[in-house]
Amino acid sequence: MKYKGTLIVVKDCNRALKFYSDMFGFQLLQDNDGNMELTNNLYLQESGYWEQFMKRSIISNSNQSELYFEEPDIEKFVERLDMLYPETEYVNRLMTHSWGQKVVRFYDPDGNLIEVGTPV
């Protein structure tokens with residue numbers, strides 16, 4: 001068995017691709033009509049397919065998992081996020097933990113939780 005990556009549910013794969021490309025540099029590897037494979041082992045699936053397979057509704061902003069990234073120049077990252085996606089919903093703005101790591105937590109346009117921190 002081989003772990004392939006993480007799949008997140010989105011309303012519109014093209015919109016999500018633009019967000020993850022703009023903010024994290026991800027690129028499209030394969031487009032299967034509502035199912036996309038991106039670089040770095042991230043997979044996007046449109047909510048219509050997900051709900052059809054699961055027979056359950058999507059729960060946005062569920063806070064049960066997060067995508068975690070590290071970025072040395074986190075201030076520049078936050079500036080770019082605010083400039084390109086001013087409607088971003090933050091869980092916490094840029095803060096510093098007691099151990100010195102700076103982090104920011106927010107939701108992508110589809111309610112998937114993301115954390116970006118400085119390298120530990």
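The questions and answers below walk through a predicted model of a protein, beginning with the whole chain and then turning to single residues.

Reader: How many helices and strands does the protein have, and what pattern do they follow along the sequence?

Author: The count for this predicted model comes to three helices and eight strands. When these elements are read in order along the sequence, the pattern they follow is β-α-β-β-β-α-β-α-β-β-β.

Reader: What is the radius of gyration of the protein, and what would be expected of a compact globule?

Author: The C-alpha atoms fill a box of roughly 45 × 35 × 25 Å when it is taken along the principal axes. For 120 residues, a compact globule would have a radius of gyration near 14 Å, and the value for the protein agrees with this, because it is 15 Å.

Reader: What percentage of the contacts with a separation of 6 or more is between residues 24 or more positions apart?

Author: Here contact means that heavy atoms lie within 4.5 Å, and the contacts in question are those with a separation of 6 or more. Of these contacts in the protein, the part that comes from residues 24 or more positions apart is 54%.

Reader: How much surface does the protein expose, and what percentage of it do carbon and sulfur atoms supply?

Author: Buried residues make up 39% of the 120 residues. As for the surface, the protein exposes about 7600 Å², and the part of this that carbon and sulfur atoms supply is 50%.

Reader: How many Å apart are the mean positions of the positive and negative charges?

Author: The protein has 12 positive and 19 negative charges, and a mean position can be taken for each of the two groups. The distance between these two mean positions is 3 Å.

Reader: Is Asn63 buried, exposed or partly exposed?

Author: Asn63 is found in the loop between helix 2 (47–54) and strand 5 (67–70), and although Asn63 is not a glycine, its phi is positive, at about 60 degrees. Because its relative accessible area is 47%, and the class between 20% and 50% is the one in between, Asn63 counts as partly exposed.

Reader: Which residue's side chain makes a polar contact with the side chain of Asn63?

Author: Once neighbours within four places in sequence are left aside, Asn63 is in contact with Tyr107 and Leu113. A polar atom of the Asn63 side chain also lies 3.3 Å from the backbone oxygen of Asn61. The side-chain to side-chain polar contact, at 2.4 Å, is made with Tyr107.

Reader: Where does Asn41 lie, and what is its phi near?

Author: Asn41 lies in the loop between strand 3 (35–38) and strand 4 (42–46), and with a relative accessible area of 45% Asn41 is partly exposed. Its phi is positive, in a residue other than glycine, and the value is near 60 degrees.

Reader: Which side chain makes a polar contact with the side chain of Arg15?

Author: Arg15 is found in helix 1 (residues 13–24), and at 38% relative accessibility Arg15 counts as partly exposed. Although Arg15 and Pro109 are 94 residues apart in sequence, their C-alpha atoms are 8.5 Å apart in space. Beyond its neighbours within four places in sequence, Arg15 is in contact with Pro109 and Asp110, and the side chain that makes a polar contact with that of Arg15, at 2.6 Å, belongs to Asp110.

Reader: Is Asn92 buried or exposed, and which side chain makes a polar contact with its side chain?

Author: Asn92 has its place in strand 6 (residues 89–96), and because its relative accessible area of 14% falls under 20%, Asn92 is buried. Not counting residues up to four places away in sequence, Asn92 touches Val103, Val104 and Arg105. The polar contact of its side chain, at 3.1 Å, is with the side chain of Arg105.

Reader: Which side chain is joined to that of Gln101 by a polar contact?

Author: Gln101 has its place in the loop between strand 6 and strand 7 (102–107), and at 7% relative accessibility Gln101 counts as buried. Leaving aside neighbours within four places in sequence, its contacts include Tyr68, Glu70, Met95 and Val120. The polar contact, which spans 3.3 Å, joins the side chain of Gln101 to that of Trp99.

Terms used: Residues numbered from 1 in each chain as written. Predicted model: local features only at pLDDT ≥ 70, side-chain atom pairs only at ≥ 80, totals over all residues. Heavy atoms only, no water. Helix = DSSP H or I, 4+ residues; strand = E, 2+ residues; numbered from the N terminus. Buried < 20%, exposed > 50% of the residue type's maximum accessible area, 1.4 Å probe, protein only. Polar contact = N/O pair within 3.5 Å; in protein donor to acceptor, adjacent residues only side chain to side chain. Rg over C-alpha atoms; globule rule 2.2 N^0.38 Å. Areas by Shrake-Rupley, 256 points an atom, 1.4 Å probe, with all protein chains shown as cover. Lys, Arg positive; Asp, Glu negative; His and termini not counted. Charge placed at Lys NZ, Arg CZ, Asp CG, Glu CD.
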